[in-house]
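Please find below my notes on the side-chain packing and backbone geometry, set out as numbered points for you to check against the coordinates.

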Amino acid sequence: MADTGRPFGLLAELTHRCPLHCTYCSNPVELLTRDRELTTEQWQDTFDQARKLGVLQVHLSGGEPLLRRDLPELVRHASRLGCYVNLVTSGLGLTERRAAELAGCGLDHVQLSLQDASETEADRMAGTTAHRTKLAAARIVRDLGLPLTVNVVLHRGNLDRVQEICLLAKDLGAARLELANTQYYGWALRNRAGLLPSAGQLNRALETVRQMRRQLGESMQIVYVTADYYEPYPKPCMHGWAARQLTIAPDGTVLPCPAAQVIKDLSWPRVTDRSLADIWYHSEGFNAFRGTAWMSPTCTACPRKEIDFGGCRCQAYLLTGRAEATDPVCGKSPDHHLIEALVAAPGDAEPVMRGYR
Amino acid sequence: MRPRLLPGVRISYDDVRDRTVVLYPEGVLMPNSTACAVLVRCDGRTSVAQIVDDLRAIYADVDSADVLGLLRRLAADQLLTLEPSDG
C-alpha cells in the first residue's frame, strides 16, 4: 500500500518463559519454549532493521524479559540505535546489580507489573510468592532515578481495591500508574468466566479513579484502560491495524499486534524468513485490514470508522470466526448479543493458571 | 515559571524521518520547528519569558500566550513540569 506509514514502536517479546502464572495473561495458550527463541544476534539484527524502518521505541517484554541472560546486550544495542528502551517486567530477578547494569546500558523506562494491593491476593494471582519482591524492585528502579510506570491488570478479583492500588503505586514512587482492565486474549480468554467484573464494580472503580486523580493531582498520572465489553463502542485497537506498531514473538514471528496469531486465515512470516520492511509493507497479514476497504457493511456505513477502525480484528475473529466482522463489543454489531450474554452471566469457572494445561 | 522536561522524556533526532522527535514512556511526539525551539529550552533554568525572547530572535510574530498554551498542553500530557519561578 502506497500510503502505509512507518512504525513507531516495536513490542519485542523476548521470551514466553515467566515465573508468574497469572490467569489474565494475554500470551498465547501455546507458549513457546526456550529452544524456539531468537538468538542475541537475531534480535540485534531485528532491532537494526526496525530502526531503519522507523521504530523509535522498543518495548522489551515477554514473558519475563529478565530471564534472557543477554538482556543487557539487547538494551545496549537498541539504545545505541537511538531507540527509547522500555523494560516491561514482573520485577522478579530485578536485583540492584541487574537494574544498575541495565540502566548503564541505556534503559530509559521501567514498566513494572503488580497484581494487587493485597499481598495475599497478589500472590494468589501470580501463583507464587512475588508481591514483596516486586515492591523491592520498584524501590530499586526509583533509587536508580529511572522513571517508573506501575501496571496493574484489573479484573473481578481486584477491582474493588483500586484505591489501595493507587495509594500503593504512589507510595512506590511511580510517575505513572496504568490500570488496565483485562483484555480477553490468550490465557485471559480461556479464564474469562472467572475474570469478568460486574458493571457495578466497574462503575465504582471508575469513580474511585476520578477521586484519586483529584487527590493525587500531578504527582502521579493515572491511566485507566476501560473494560471494552462494557463500552458502547469498541477500542480503537492499535490505532488501526498495522498502522503504528509491530510485535515480534519469541520465535521471530512478526505480527501487527500481540494477539494476531489467533487469526488462522492469515500466514505470519518470521523475521528469519523475510526482511522486516518486506513484512511491514508487503505481507498479506499486515495489509489485510489496513485502511477501510476490508470493513463490514456495518463499519463502512459508520461515521466512527476512522475513530475506532472497526475495533479489534482478533476479538472479532475469536468471537465470531470472521476477522473482518465488526468487533462484537460495538453496540451496532450484528453479533453484539454475544457480548450482552457474556456480560449478563459471566459465570464462575475454576481458573487455569498460565503455563498449566 | 521555568519549564523542565520530566524524567524519562528526551528530545532526539530521527535520521530515518529526518526530523526532531520527543520520546517518552508511552509514545513519540513529532513537534514542528517552533515547538522544538520551545522544547529544547525546557531545562528547568530558562524562564517562560526568556523562552519567548529567544523565540522572537528566531521567528517573527511570537505570541507569548501561544507559547504558554503549548507549554500547558505538554504539561497536561506529562511531558514537562511548569515549575514555579523564584523571580
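1. In this predicted model, A:Leu179 makes contact with A:Val152, A:Leu154, A:Val162, A:Ile165, A:Cys166, A:Val209, A:Ile222, A:Val223, A:Tyr224 and A:Val225, where residues up to four places away in sequence are left out of the list. A:Leu179 is also among the members of the largest nonpolar core that touch the most other members, together with A:Phe47, A:Leu60, A:Leu177, A:Ile222 and A:Cys314, and that core holds 83 residues.

2. Another core, of 21 residues, lies apart from the largest one, and B:Val67, B:Leu70, B:Leu79 and B:Leu82 are among its residues. As background for both, nonpolar side chains in soluble globular proteins tend to be buried together.

3. Over all chains there are six aromatic pairs. For A:Tyr184 and A:Tyr229 the ring centres lie 5.1 Å apart and the planes meet at 55°, so this pair counts as tilted, given that tilted pairs fall between the limit of under 30 degrees for stacked and over 60 for edge-to-face. The two tyrosines are 45 residues apart and link distant parts of the chain, with A:Tyr184 in the loop between strand 6 (176–181) and helix 7 (186–190) of chain A and A:Tyr229 in the loop between strand 7 (221–225) and strand 8 (245–248) of chain A. A:Tyr184 is buried at 5% relative accessibility, and A:Tyr229 is buried with a relative accessible area of 4%.

4. A:Trp241, A:Trp268, A:Phe289 and A:Trp294 are joined into a cluster by ring pairs. Two arginines should be inspected alongside the rings: A:Arg290 lies over the face of A:Trp280, 4.8 Å from the ring centre, while A:Arg304 lies over the face of A:Tyr233, 3.8 Å from the ring centre.

5. Turning to the backbone, most residues other than glycine have a negative phi, and most peptide bonds are trans. The peptide bond from A:Gly62 to A:Gly63, however, is cis, with omega near 5°, and A:Gly63 is placed in the loop between strand 2 (57–61) and helix 2 (71–80) of chain A.

6. Which residue in the loop between strand 7 and strand 8 of chain A is partly exposed, with a positive phi of about 55°? A:Met238, which is not a glycine, has this phi, and A:Met238 is found in that loop with a relative accessible area of 26%. A:Ala242 lies in the loop between strand 7 and strand 8 as well, and its phi is positive too, near 50°, but A:Ala242 counts as buried, at 3% relative accessibility.

Terms used:
Residues numbered from 1 in each chain as written. Chains lettered and ligands numbered in written order. Predicted model: local features only at pLDDT ≥ 70, side-chain atom pairs only at ≥ 80, totals over all residues. Heavy atoms only, no water. Phe/Tyr/Trp six-rings, centres within 6.5 Å; stacked < 30°, edge-to-face > 60°. Helix = DSSP H or I, 4+ residues; strand = E, 2+ residues; numbered from the N terminus. Buried < 20%, exposed > 50% of the residue type's maximum accessible area, 1.4 Å probe, protein only. Lys NZ or Arg CZ within 6 Å of the ring centre and 35° of its normal. Core = buried A, V, L, I, M, F, W, Y, C linked by side-chain atoms within 4.5 Å. Contact = heavy atoms within 4.5 Å.
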